[in-house]
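Me: I have a new structure to look at, and I would like to learn how to read it feature by feature. Could you take me through it slowly?

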Amino acid sequence: MRTLVDQLATYATYHRDPRNIATHFVGVPIIVLSVLILLSRVSVDVAGIAVTPALVVFLLSSLFYLKLSLAYGLAMFVIHGALLLAAGHFATLSTLAWLGAGVGIFVVGWIIQFVGHYYEGRKPAFVDDLIGLAIGPLFVVAELGFLIGLGKKTQAQVEAIAGPVRRRETASA
């Protein structure tokens, strides 16, 4: 399995424009929410616990993130756990409302993503490697941490491979 830095750096090479990263702060969480919504409706009772496909995806992705990094894995566990709880609310709605919310949020999230990649001038990372679908949420958490001054060592290692985030040039007066 590739390391945290390897995974983030590979993903980061597709995300060096700050506008693209900004769209990911919005698009990625709502795509994750939409997938969890769509996977939360069907459940099977296992020893008194309602097990949904969303719960299984949450647990497997949490193990994946924890294997990459304890700190980032715990952050992902908390964030995705909150999204899983929100998704569970949608599962209680009528079929039309549940499906409309899940599909609608999914479409809006991807539109936001593709706007970001228009600015980037590059296709999304998952087109070349499907693991990008799992790394996207982790990248958003890492980039948010970098913005507030956390994970400086990880940021330096990622940028040594992928290069720094491009800064927008301002027109001179």
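Reply: What follows goes from the overall fold to two helices and then to single residues.

Me: What kind of model is this, and how many helices and strands does the protein chain have?

Reply: This is a predicted model, and its protein chain has 7 helices and 2 strands. Read along the sequence, these elements follow the pattern α-α-β-β-α-α-α-α-α. The radius of gyration is 17 Å, close to the 16 Å that the globule rule gives for 173 residues, so the chain is as compact as a globular protein of that length. Along its principal axes, the C-alpha trace spans about 60 × 35 × 30 Å.

Me: How much of the protein chain is buried, and how much area does the chain expose?

Reply: A residue counts as buried when its relative accessible area is under 20%. Buried residues make up 41% of the 173 residues here, while the chain exposes about 9,500 Å², of which carbon and sulfur atoms supply 71%. Contacts add another view of the fold: among those between residues at least 6 apart in sequence, 78% join residues at least 24 apart.

Me: How should I read a helix such as α2, and what span is expected for it?

Reply: One way is to compare the span of a helix with the value expected at 1.5 Å a residue. Helix α2 covers residues 18-38, and its 21 residues reach 30 Å from the first C-alpha to the last, close to the 30 Å expected. The helix nevertheless has a kink of about 35°, centred on His24. At its N-terminal end α2 is capped by Asp17, a side-chain oxygen of which lies 2.7 Å from the backbone nitrogen of Arg19.

Me: Which residues of α2 are buried, and what do they pack against?

Reply: The general idea is that an α-helix has 3.6 residues a turn, so residues three or four places apart point the same way. In α2 the buried residues include Asn20, Ile21, Thr23, His24, Gly27, Val28 and Ile31, and farther along the list come Val32, Leu33, Ser34, Leu36 and Ile37. The buried residues of this helix pack against α1 (4-12), α3 (53-68), α4 (70-91), α5 (95-120) and α6 (132-147).

Me: What does the same reading give for α4, from its span to its buried residues?

Reply: At 1.5 Å a residue, the 22 residues of α4 should span 32 Å, and its end C-alpha atoms are 30 Å apart, which agrees. At the start of α4, a side-chain oxygen of Ser69 reaches to within 3.4 Å of the backbone nitrogen of Ala71. The buried residues of α4 are Tyr72, Gly73, Met76, His80, Gly81, Leu83, Leu84, Ala87 and Ala91, and what covers them includes α1, α2, α3, α5, α6 and α7 (152-162).

Me: Turning to single residues, where is Val140, and which residues is it in contact with?

Reply: For a single residue it helps to take its place, its accessibility and its contacts in turn. Val140 is in helix α6 and, at 10% relative accessibility, counts as buried. Leaving aside its neighbours within four places in sequence, Val140 is in contact with His24, Phe25 and Val28; of these, His24 is where the kink of α2 is centred.

Me: Are Gln7 and Arg16 buried or exposed?

Reply: Gln7, found in helix α1, counts as buried at 6% relative accessibility. Not counting residues up to four places away in sequence, Gln7 touches Arg2, Phe64, Leu68, Ile131 and Ile135. Arg16 lies in the loop between α1 and α2 and also counts as buried, at 4% relative accessibility. With its neighbours within four places in sequence left aside, the contacts of Arg16 include Ile21, Glu120, Phe139, Glu143 and Glu159, and Ala162, Gly163, Pro164, Val165 and Arg166 are also among them.

Me: What is notable about the phi of Ala47, and where is this residue?

Reply: Ala47 has a positive phi of about 55° although it is not a glycine. Its place is in the loop between β1 (44-46) and β2 (49-51), where Ala47 is exposed, with a relative accessible area of 81%.

Definitions and conventions: Residues are numbered from 1 along each chain as its sequence is written. This is a predicted model: local features need pLDDT of at least 70, side-chain atom pairs count only at pLDDT 80 or more; totals for chains, interfaces and linings use all residues. Side-chain values use heavy atoms; hydrogens and water are left out. Helices (H or I, at least four residues) and strands (E, at least two) are DSSP runs, numbered from the N terminus. The bend at a residue is the angle between axes fitted to the seven residues ending there and the seven starting there. Buried means under 20% relative accessible area, exposed over 50%, partly exposed in between (1.4 Å probe, protein chains only). Contact means heavy atoms within 4.5 Å. A polar contact is a pair of N or O atoms within 3.5 Å; within protein, one must be able to donate a hydrogen and the other to accept it, and residues adjacent in sequence count only if both atoms are side-chain atoms. The radius of gyration is taken over C-alpha atoms; the globule rule is 2.2 Å times the number of residues to the power 0.38. Accessible areas come from the Shrake-Rupley method with a 1.4 Å probe; for residues, only the protein chains shown count as cover.
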